[in-house]
Amino acid sequence: MGLVSKKRCYFGKVYGFTLAEVLITLGIIGVVAAMTMPVLIANHRKNVVETRLAKFYSVMNQAITQSELENGDKSTWTIEHGTDSDNNDIADNLEWYNKYLAKYLNTTKIEKNQDNYVVAYFSDGSVVIIRRGGSTYNFFPNGKDYEKLNKDEIFNQQNNPNNTINGKINFMFAFYPNSDDKKWKYHKNKGIEPYKWINSSNEDIDWTETSYGCSKTGSKIYCTALIQKNGWKIPKDYPVRF
């Protein structure tokens, strides 16, 4: 019997594949797999990010709409986004979350971490960090990525162009429905939206600036907004590799 299959010659005799033929075939398969697997894995990661970003955006804004029936128009909600001299949040984020969102979100676990931030876990494995009095949101499509991080990497390095998490595992959203500051004009009277803050030196969003831009030289905070702008799909020229 042959090793894998049979091949028949014209005279009716049957021969098995030789060991050399089998090894060559396996080698070709191995090379093809080595070339294609990284691409398949990267594409899967992108799909997870795209799907969970769109879902998070929808779920959070549905919760806000439902909450308005009880708590009034979102433009009247109390949002204390200030910090004290030690850069700690003035507002009690858990109290804010319990008042405005808790009843309307289906979560698996809620924590209050050492920084007074709310950590909400969802059934699809994603995690959101709610801080600055309900105004700022760090969303992790894969909650395991958040759990592995040194938390200083998230909050102390997020404006650093050399950070390795923004636009890849950490995606920024903001909620400023009642702000009259023109810097937040893209959030006025809106629900939770991808983070878009206009630098005081600019008249409009600069997608490439160092502090916030979604570019190789930017901190990539605006990458969430760029993905939304592309229909919740990661653009082909996206500056981050998965």
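So, T136 first: its bridge partner in β7 is A174. Before I go on, this is a predicted model, where local features need pLDDT of at least 70, side-chain atom pairs count only at pLDDT 80 or more, and totals for chains, interfaces and linings use all residues. Residues are numbered from 1 along each chain as its sequence is written, and side-chain values use heavy atoms, with hydrogens and water left out.

A word on names: helices (H or I, at least four residues) and strands (E, at least two) are DSSP runs, numbered from the N terminus. Two strands count as paired if DSSP finds at least two bridges between them.

Okay, back to β6 and β7. They pair in the antiparallel sense over 4 bridges, and Y137 has F173 in β7 as its bridge partner. On the other side of β7, 2 bridges join β7 to β8, again antiparallel, with A174 standing opposite E193 in β8.

Now zoom out. What order do the strands take in the sheet? It goes β3-β4-β5-β6-β7-β8, an open sheet of 6 strands with antiparallel pairing. The edge strands are β3 (107–112) and β8 (193–194), each pairing on one side only. At the β3 end, β3 and β4 (residues 118–122) pair antiparallel over 5 bridges, and K109 has Y121 in β4 as its bridge partner. In the middle, 5 bridges join β5 to β6, running antiparallel, and V128 stands opposite F139 in β6. The hairpin of β5 and β6 has 4 residues between the strands, and R132 takes a positive phi near 55 degrees there.

Buried or exposed: what about the residues of β6? Buried, 5 of 5, where buried means under 20% relative accessible area, exposed means over 50%, and partly exposed is in between (1.4 Å probe, protein chains only). In a regular strand the side chains alternate between the two faces of the sheet. You can follow that here: T136, N138 and F140 point one way from β6, while Y137 and F139 point the other way. In β7 (residues 171–174), F171 and F173 go one way and M172 and A174 the other, and all are buried.

Next, a helix. α2 (residues 93–100) lies across β3, β4, β5 (127–131) and β6 (136–140), at about 150 degrees to β3. Those axes are lines fitted to C-alpha atoms, for helices over the stretch in contact, and angles run from 0 to 180 degrees between N-to-C directions. The buried residues of α2 are N93, W96, Y97 and Y100. Seen down the axis of α2, they fall within an arc of 100 degrees, so they line one face of the helix. That arc uses the directions from the helix axis to the C-beta atoms.

Last stop, the inside. The largest nonpolar core (buried Ala, Val, Leu, Ile, Met, Phe, Trp, Tyr and Cys residues joined through side-chain atoms within 4.5 Å) has 46 residues. L101, Y137, F173, Y195 and Y238 have the most contacts inside it. α1 (19–71), α2, β4, β5, β6, β7 and α5 (223–229) each supply at least two residues of this core, and α1 gives the most, with 7 residues. Take Y195: leaving out residues up to four places away in sequence, Y195 touches M172, F173, A174, W184, H187, Y212, I221, Y222 and A225, with contact meaning heavy atoms within 4.5 Å.
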